Amino acid sequence: MALEKKEKYPSTFTIDNFSSTATLANNDQIKVPIGHGLQEKGEEPVYDPYEHRNLEHPNSFSGALIHLLKSSLGTGILAIPRAFKSAGLLVGLFGTVIIGILCTHTIHILVRASHKVCARSKIPSLGFANTAEEVFKQGPKPLRSWSRFAKNFVEIALILTYYCGNAVYIVFITVSMTKLFSYYFPETASWDQYFKLMILVPLILCCQVRELKHLVPFSFLANSMMVIAFGITLYYIFSGITEVKVSDRKIFTGFEGIPSFFSTVLFAMEGIGTIMPVENSMVERRFLGCSGVLNSAMTAVICLYTAIGFFGYYRYGEATDATITKNLPSDEIPAQVVQASISIAVFFTFMLQFYVPLEITWNRIKHRIPENRHNVSQILLRTGLVIFVTGIAAAGGEHLGGLIDLVGAIFFSTLGLFVPALIEIIVDWEEGWGKYNWRLIKDVLIMILALFGLVSGSYYAVLEMK
């Protein structure tokens, strides 16, 4: 018997099987390292989702980091100085850091919840919507019948988030075009809605591209234009900053500006829709953790957003516009290059952002359409959705700030804060929420904050758009 035990559980550990947490309690109860967990003698091995992901092209640490940075560093960064204007210099400084940490934390709990249900169900990976469904399925019995609703809710919310985000992009484009053309042709200063109609046909044609690989050149062009625009904008921000005094800027504007600040920062910083696809593309446990992909990316994002918001508002003060590029002079060539670059960059970014919700929408309806009509159906669907998104942008008019606040308040407070907190409550229902139920209390507070952002942010956004 002793010989059998020695063969099954070697008394010496090699570098491959050593674990500092391995303990010997007695001869009948021995814990051995299995994968990344511990297993009791005779128990089934602990399921590690990472070890069961068979990916043809898995993402490395650097690849995942670049994807997260790309998804979080979008046109929303140009609206951050306006958020500081709404809250004040000091409140904006600390508020952006706090919101950034909060967003990072809710992403952490979403990924951890996904890992837990994957391990329980022996599934290698799950997306956001499927994670919500699986959490409800494994939760308390009264909630299990709501699993399908949870999946549909998250999926539809993600679709609407992308479509409304694209509507904001259209407003970004027309604002930049108006700024550019009105200098040479003053009569175009009121052509905002006409510009939306002008870009409608090119958008419809470009959004007929169906393969993601064919969008790569457009992505490269968009990134190049954004780098040019961003670099010139930074030059203008810092060129006259020495002439400004701190006393000329408001430290705190009042509580009425907090909802707009909260919604704008959420809109700009949240990338909740891209988190699970990026995490699922990794086969190493390097996404979470102190020096993991998520913390590294969000640290860079928080620092950059805080710096741009602080110095952008510090430079332009109460004149800070909905997008900082509107504060640039109209009669200087570099500033005009910024407007042209922003228009081109956001136009092609629209195509990339449009791809994700379109694929979700198409996958939900294609089984109801005869296969010989798929091509025509795709053309009609893509055309109809571009017109729908342009209609949302037209309804928003020139109120770029209000539209950003509305999207941030409704969708990002719900998907980025409320849903992850609710998922953690349910996934930890049986094993508990820690000492004094601290995780439960924390998640309830996050949900209350999300509801506050949703209600107050939406209210003030609608008032601004009237």
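**Exercise 1. Two unusual backbone angles**

Asn437 has a relative accessible area of 36%: is Asn437 buried, exposed or partly exposed? Then place Asn437 in the chain and describe its phi, and do likewise for Lys122.

*Solution.* A word on the ground rules before we start: this is a predicted model, in which local features need pLDDT of at least 70 and side-chain atom pairs count only at pLDDT 80 or more, while totals for chains, interfaces and linings use all residues. Residues are numbered from 1 along each chain as its sequence is written, and side-chain values use heavy atoms, with hydrogens and water left out.

Step 1. Buried means under 20% relative accessible area, exposed means over 50%, and partly exposed is in between (1.4 Å probe, protein chains only). At 36%, Asn437 is therefore partly exposed.

Step 2. Helices (H or I, at least four residues) and strands (E, at least two) are DSSP runs, numbered from the N terminus. Asn437 sits in the loop between α15 and α16 (438-465).

Step 3. Although Asn437 is not a glycine, its phi is positive, about 55 degrees.

Step 4. Lys122 is also a non-glycine residue with a positive phi of about 55 degrees. Lys122 belongs to the loop between α4 and α5 and is partly exposed at 43% relative accessible area.

**Exercise 2. A helix on the inside**

Why can helix α5 (residues 128-138) be called largely enclosed? Which helices surround its buried residues?

*Solution.* Step 1. Begin with the whole chain: it has 16 helices and 2 strands, and 49% of its 466 residues count as buried.

Step 2. In α5, 8 of the 11 residues are buried, so the rest of the structure largely encloses this helix. Among them are Phe128, Glu133, Glu134 and Phe136.

Step 3. Contact means heavy atoms within 4.5 Å. The buried residues of α5 pack against α4 (89-121), α6 (141-144), α7 (147-184), α11 (272-280) and α15 (400-427).

**Exercise 3. Pairing the charges**

How many salt bridges are there? Compare the Arg53–Glu279 and Asp192–Lys196 pairs by distance and by place in the chain.

*Solution.* Step 1. A salt bridge is a side-chain nitrogen of Lys or Arg within 4 Å of a carboxyl oxygen of Asp or Glu. The count comes to 15.

Step 2. Arg53 and Glu279 form a salt bridge at 3.2 Å, N to O. Arg53 is in the loop between β2 (37-40) and α2, and Glu279 is in helix α11, so this pair ties together parts 226 residues apart in sequence. Arg53 is buried at 6%, and Glu279 is buried at 0%.

Step 3. Asp192 and Lys196 form a salt bridge at 2.4 Å, N to O. They are 4 residues apart in helix α8 (residues 192-206), which means about one helical turn separates them. Asp192 is buried at 4%, and Lys196 is buried at 2%.

**Exercise 4. A buried arginine without a salt bridge**

Which side chain of opposite charge is nearest to Arg249? What backbone atom does the Arg249 side chain reach?

*Solution.* Step 1. Arg249 lies in the loop between α9 (216-239) and α10 (258-269).

Step 2. Lys and Arg count as positive and Asp and Glu as negative, with His and the chain ends not counted. The nearest opposite charge is Asp248 at 5.3 Å, and the buried Arg249 has no salt bridge.

Step 3. The Arg249 side chain reaches the backbone oxygen of Arg315 at 3.3 Å. Not counting residues up to four places away in sequence, Arg249 touches residues including Leu89, Tyr313, Tyr314 and Tyr316.

**Exercise 5. Empty space**

How many cavities of 30 Å³ or more are there, and which helix gives the largest share of the lining of the largest one?

*Solution.* Step 1. On a 1 Å grid over the protein atoms alone, a cavity is a set of points where a 1.4 Å probe fits but cannot get out; lining residues have an atom within 4 Å of a point. Grid points are joined across faces, edges and corners, and a volume is the space filled by probe spheres set on the points.

Step 2. The structure has 2 such cavities of 30 Å³ or more, and the largest holds about 50 Å³.

Step 3. Its lining includes Leu68, Ile107, Glu270 and Met298. Helix α2 (residues 61-72) provides the largest share, 3 residues.

Note on methods: A polar contact is a pair of N or O atoms within 3.5 Å; within protein, one must be able to donate a hydrogen and the other to accept it, and residues adjacent in sequence count only if both atoms are side-chain atoms. On a 1 Å grid over the protein atoms alone, a cavity is a set of points where a 1.4 Å probe fits but cannot get out, and a pocket is an open set with protein on both sides within 12 Å along at least five of seven lines; lining residues have an atom within 4 Å of a point.
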